[in-house]
Amino acid sequence: MAIVQDWLPASRENYETILFWWKLYPLLASMQWLSSWYGMGKTSVQSRFNLPGRIAWMTMEAPGFTTLLYIVSTLPAQHGITDLPWQNKVLAGLFVIHYTYRAIIFPIIQPSMSPIHVLIWANAIFFQLCNATCLGSWLAAYGPTTQEEWDAQTWSVPQFAFGLVVFYVGLAANYFSDEELREIRRGELRRQAKLKLQGKVVDKHYEVPQNGLFKYMLYPHYFMEWIEWLGYWIAAGVACTPARCFLLNEFSAMLPRAISGGKWYRQRFGDDKIKGKYVIIPGVY
């Protein structure tokens, strides 16, 4: 049963319409270059329109994997598809694995989370719905839906396997980079608790992460997420436009934040503290 007739799940015509506009998302993301706020990766300012961090994060990330699962479970039957190839199921599973972590596990295990402005929350939901609609529709009906179509791709199984390896390398590195940031927050909370017990004034403290990939760059968690979705695109095949759009859209959305954040690190800590570190792309910037 369709939630929104011909849109969720999308008809072929509407899927192509959404995909066309989804290709233009970098133009919207480029607006971050004009912002000194979210361009640095911060999700809120002092505002009455802020939402509680954990709840906002969960509700803005969860629409991605739930929408994809809904489309993959309903759209095939509308097109007379009784079973999808194993590649489609694996690709759907990879997407769900990533966003189960991002939407559910990540906010639960964070020591603390800042409020999130309602505009950031709304933009994230828009991103998730568009991305999941494009990928889910491709996996469910509008991409390869038979084993013969997958087999027709040259070296499809080795390419798929290589893409999986790249994806999991990115996923693991992304998780451990997040964990390093969490450990810094845990240490900060312990410091604040100690100062409060001593009756001292607690001020916010920042530090430059130094462990793992943070030895070499300031934003490895961003870079390794790009690696994840590069692996996903490799596995799906270069002809998979939704996977390519996802990678490019993530790049266009996250690069301005990293560059602005790199400037913030230099201003706050000085060049000596971050000497030898790239901002986000090893060997380039």
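**Note on core packing and helix contacts**

1. In this predicted model, the largest nonpolar core holds 68 residues, and the members that touch the most others within it are L68, L91, F95, Y232 and I280. The elements that each supply two or more residues to this core are α1 (12-22), α2 (25-29), α3 (53-78), α4 (86-109), α5 (118-142), α7 (156-197), α8 (220-236) and α9 (241-269). Of these, α9 gives the most, with 12 residues.

2. For L68, once its neighbours within four places in sequence are left aside, the contacts are with A92, F95 and V96, and also with A132, L135, G136 and L139. Another core, of 10 residues, lies apart from the largest one, and A56, W57, Y101 and M113 are among its members.

3. The axes of α4 and α7 come within 12 Å and cross at roughly 0 degrees, and α4 therefore counts as roughly parallel to α7. On the α4 side the contact is made by W86, Q87, V90, L91, L94, I97, H98, Y101, R102, F106 and I109, while α7 contributes F160, L164, F167, Y168, L171, N174, Y175, D178, R182 and R186. Sorted by class, the residues of this contact comprise 14 nonpolar, three polar and four charged.

4. T145 sits in the loop between α5 and α6 (147-151), and it counts as buried because its relative accessibility is 14%, where the cut-off for buried is under 20%. Leaving aside neighbours within four places in sequence, T145 is in contact with I81, D83, L84, P85 and A140.

How values were computed:
Residues numbered from 1 in each chain as written. Predicted model: local features only at pLDDT ≥ 70, side-chain atom pairs only at ≥ 80, totals over all residues. Heavy atoms only, no water. Core = buried A, V, L, I, M, F, W, Y, C linked by side-chain atoms within 4.5 Å. Buried < 20%, exposed > 50% of the residue type's maximum accessible area, 1.4 Å probe, protein only. Helix = DSSP H or I, 4+ residues; strand = E, 2+ residues; numbered from the N terminus. Contact = heavy atoms within 4.5 Å. Axes fitted to C-alpha atoms, helices over the stretch in contact; angles between N-to-C directions. Parallel < 35°, antiparallel > 145°, perpendicular 65-115°, else oblique. Nonpolar A, V, L, I, M, F, W, Y, C, P; charged D, E, K, R; others polar.
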